[in-house]
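Biologist: Before we talk about any detail, could we have the sequence and the structure in front of us, and then take the questions one at a time?

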Amino acid sequence: MENVFLYFVFIGDKFTFNDEIIGEGCQGKVYMGKENETGDQVAIKFINKSLLSERSLARLDTEVKILTNASHRNIVGFKHYLSEFTLPYNVDRTDSSWGVIVMDYCPYDMFDYLLVSGCFSEELSRTYFRQLLNGLQACHDCGVYHRDST
């Protein structure tokens with residue numbers, strides 16, 4: 001069954017989204033969306049900025065800068081960022097400040113493939129590993145290095 005998109009459109013009539021949550025994290029929720037011009041599915045991350053600490057707000061700014069600069073076929077594509085978004089309906093009845101990040105929708109990850117297929121052949125493993133290294137090199141070329149921090 002096809003998703004039914006909500007009645008409103010945002011970000012200059014470029015994207016719509018529905019109420020299907022496809023992910024949740026510390027900063028917000030990610031909804032299934034669509035790019036109106038192409039019909040392509042996108043992932044739309046809503047972040048309630050009024051709940052974030054100064055440090056987390058700085059991390060959000062860094063994340064957006066990284067996404068904007070790191071463009072490579074082995075990195076999830078960045079579509080758009082809206083730093084100030086007002087919900088068309090105010091569910092929490094506050095003056096919450098929202099940020100919205102729109103990215104390519106990736107329906108599967110490596111773990112999903114492993115669950116379905118079991119162990120990869122050596123040739124397929126080399127292919128995926130090469131793609132991983134190419135994406136990592138593209139990040140490093142942009143001056144982006146990953147580290148876990150709290």
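Biologist: How many aromatic pairs does a search of the whole structure find?

Modeller: This is a predicted model, in which local features need pLDDT of at least 70 and side-chain atom pairs count only at pLDDT 80 or more, whereas totals for chains, interfaces and linings use all residues. Residues are numbered from 1 along each chain as its sequence is written, and side-chain values use heavy atoms, with hydrogens and water left out. Rings of Phe, Tyr and Trp (for Trp, its six-membered ring) pair if their centres lie within 6.5 Å, and planes under 30 degrees apart count as stacked, over 60 as edge-to-face and the rest as tilted. With that rule, the number of aromatic pairs in the whole structure is five.

Biologist: What kind of pair do the rings of Tyr31 and Phe46 make, and where in the chain do the two residues lie?

Modeller: Tyr31 is in strand 3 (residues 28–35) and Phe46 in strand 4 (residues 41–48), so this pair ties together parts that are 15 residues apart in sequence. Strands (E, at least two residues) and helices (H or I, at least four) are DSSP runs, numbered from the N terminus. The ring centres of Tyr31 and Phe46 are 5.6 Å apart and the planes meet at 85 degrees, so the kind of pair is edge-to-face.

Biologist: Is Tyr31 buried or exposed, and what about Phe46, buried or exposed?

Modeller: A residue is called buried under 20% relative accessible area, exposed over 50% and partly exposed in between, with a 1.4 Å probe and protein chains only. Tyr31 has a relative accessibility of 17%, so Tyr31 counts as buried. Phe46 has a relative accessibility of 4%, so Phe46 also counts as buried.

Biologist: Which residues do ring pairs link into a cluster?

Modeller: We have already met the edge-to-face pair of Tyr31 and Phe46. Both residues belong to a cluster linked by ring pairs, and its members are Phe17, Tyr31 and Phe46.

Biologist: In what order do the elements of the chain run from the N terminus on?

Modeller: The secondary structure of the chain comes to three helices and six strands. Writing α for a helix and β for a strand, the order from the N terminus on is β-β-β-β-α-β-β-α-α.

Biologist: Ile47 and Ser97 are far along the chain from one another; how many Å lie between their C-alpha atoms in space?

Modeller: Ile47 lies in strand 4, and its relative accessible area is 0%, so Ile47 is buried. Contact means heavy atoms within 4.5 Å, and, not counting residues up to four places away in sequence, Ile47 touches Gln27, Leu52, Leu60, Ser97, Trp98, Gly99 and Ile101. Ile47 and Ser97 are 50 residues apart in sequence, yet from C-alpha to C-alpha the distance is 8.4 Å.

Biologist: With which side chain does the side chain of Lys49 make a polar contact?

Modeller: Lys49 lies in the loop between strand 4 and helix 1, and with a relative accessibility of 14% Lys49 counts as buried. Leaving aside neighbours within four places in sequence, its contacts include Leu57, Tyr81, Glu84 and Trp98. A polar contact is a pair of N or O atoms within 3.5 Å, where, within protein, one must be able to donate a hydrogen and the other to accept it, and residues adjacent in sequence count only if both atoms are side-chain atoms. At 3.1 Å, the partner of the Lys49 side chain is Glu84.

Biologist: What is the length of the polar contact that joins the side chains of Asn48 and Ser50?

Modeller: Asn48 has its place in strand 4, and its relative accessible area is 9%, so Asn48 is buried. The polar contact that joins its side chain to that of Ser50 has a length of 2.5 Å.

Biologist: Is Arg73 buried or exposed, and by what distance are the C-alpha atoms of Arg73 and Gly135 separated?

Modeller: Arg73 is found in the loop between helix 1 and strand 5 (78–85), and with a relative accessible area of 76% Arg73 is exposed. Arg73 and Gly135 are 62 residues apart along the chain, while their C-alpha atoms are separated by 7.6 Å.

Biologist: What share of the residues in the chain is buried?

Modeller: Ile47 and Lys49 were two buried examples. Taking the 150 residues in the chain together, the buried share is 28%.
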